[in-house]
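Here's a quick walk through this protein chain, going from the overall layout down to a few side chains. Have the structure open and follow along.

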Amino acid sequence: MRYIKALLLVVIFFLAIVFFFQNQEILNKDAVLKINLFFLKPWSSIPLPLYFLLLLGFLFGALLTLFLLVWDKFCNSARLMRATWRVRSLEKEVLQLQSTVNNYKKKEALPPARHEVAVEARPAPAEAQAPKVEEKPAEAPKAEEKPAEAEQEKK
């Protein structure tokens, strides 16, 4: 790709030189630039050769292009910095959320509390139970007692 760009620049430069050599008589003629704003006195330039005006126009276009490219570079750099700051803040937020989830998982991994033992000692659903005989309700087993010992006390 670099070679193609270099070749194109050489071709354009060659064509520009040919243009200037073939049109020397016309380009050496003097031209006067005028501007007439209705609310100001008309202005006019000194006589300038036409090739000088062409080169001046080319230089102005090159400088304007350079300015626009530099401006775009600054805007893109600022956008990149804002995006980088946003990514860093989001990464910090992800780390905080991951530590919160890990803390929650550690709390779940602790041994079951007393109320969970009582939940495990509940009787099976009605479909699996034998027909009910009216008895006094038994006391809930203590945390130290095993569920099998609680069933023996009921009998």
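The protein chain has five helices and four strands. Bear in mind that this is a predicted model. Reading from the N terminus, the order of elements is α-α-β-β-β-β-α-α-α, so to speak a run of strands with helices on either side.

How much of the chain is buried? Of its 155 residues, 3% count as buried. The surface it exposes comes to about 15500 Å², and carbon and sulfur atoms supply 66% of that. As for contacts along the sequence, take those between residues at least 6 apart: 19% of them join residues at least 24 apart.

Now for the helix at the start. Helix α1 covers residues 2-22, which makes 21 residues. From its first C-alpha to its last it reaches 30 Å, close to the 30 Å expected at 1.5 Å a residue. Is α1 buried or in the open? The number of buried residues among its 21 is zero, so α1 lies largely in the open.

Towards the end of that residue range there's a bit of ring chemistry to look at. The count of aromatic pairs comes to one. The partners are Phe19 and Phe20, sitting edge-to-face with 5.8 Å centre to centre and 75 degrees between the planes. Buried means under 20% relative accessible area and exposed means over 50%, so Phe19 at 40% is partly exposed, and Phe20 at 29% is partly exposed too.

Just past the helix comes Asn23, in the loop between α1 and α2. With 22% relative accessibility, Asn23 also counts as partly exposed. Here are the three residues side by side:

| Residue | Relative accessible area | Class |
|---|---|---|
| Phe19 | 40% | partly exposed |
| Phe20 | 29% | partly exposed |
| Asn23 | 22% | partly exposed |

Where does Asn23 sit relative to Tyr51? The two are 28 residues apart along the chain, and their C-alpha atoms are separated by 9.6 Å.

Tyr51 also leads us to the surface. Together with Phe52, Leu55, Leu56, Leu59, Leu63, Leu66, Val70 and Phe74, Tyr51 makes a nonpolar surface patch of about 860 Å². One of these patch residues, Leu63, has its place in helix α3, which spans residues 50-108. When you look along a helix like this, one rule of thumb helps. An α-helix has 3.6 residues a turn, so residues three or four places apart point the same way.

Note on methods: Residues are numbered from 1 along each chain as its sequence is written. This is a predicted model: local features need pLDDT of at least 70, side-chain atom pairs count only at pLDDT 80 or more; totals for chains, interfaces and linings use all residues. Side-chain values use heavy atoms; hydrogens and water are left out. Helices (H or I, at least four residues) and strands (E, at least two) are DSSP runs, numbered from the N terminus. The expected span of a helix is 1.5 Å times one less than its number of residues. Buried means under 20% relative accessible area, exposed over 50%, partly exposed in between (1.4 Å probe, protein chains only). Rings of Phe, Tyr and Trp (its six-membered ring) pair if their centres lie within 6.5 Å; planes under 30 degrees apart count as stacked, over 60 as edge-to-face and the rest as tilted. Contact means heavy atoms within 4.5 Å. Accessible areas come from the Shrake-Rupley method with a 1.4 Å probe; for residues, only the protein chains shown count as cover. Patches are made of residues with over 30% relative accessible area and no salt bridge: like charges are joined within 9 Å, nonpolar side chains (Val, Leu, Ile, Met, Phe, Trp, Tyr) within 5 Å. A salt bridge is a side-chain nitrogen of Lys or Arg within 4 Å of a carboxyl oxygen of Asp or Glu.
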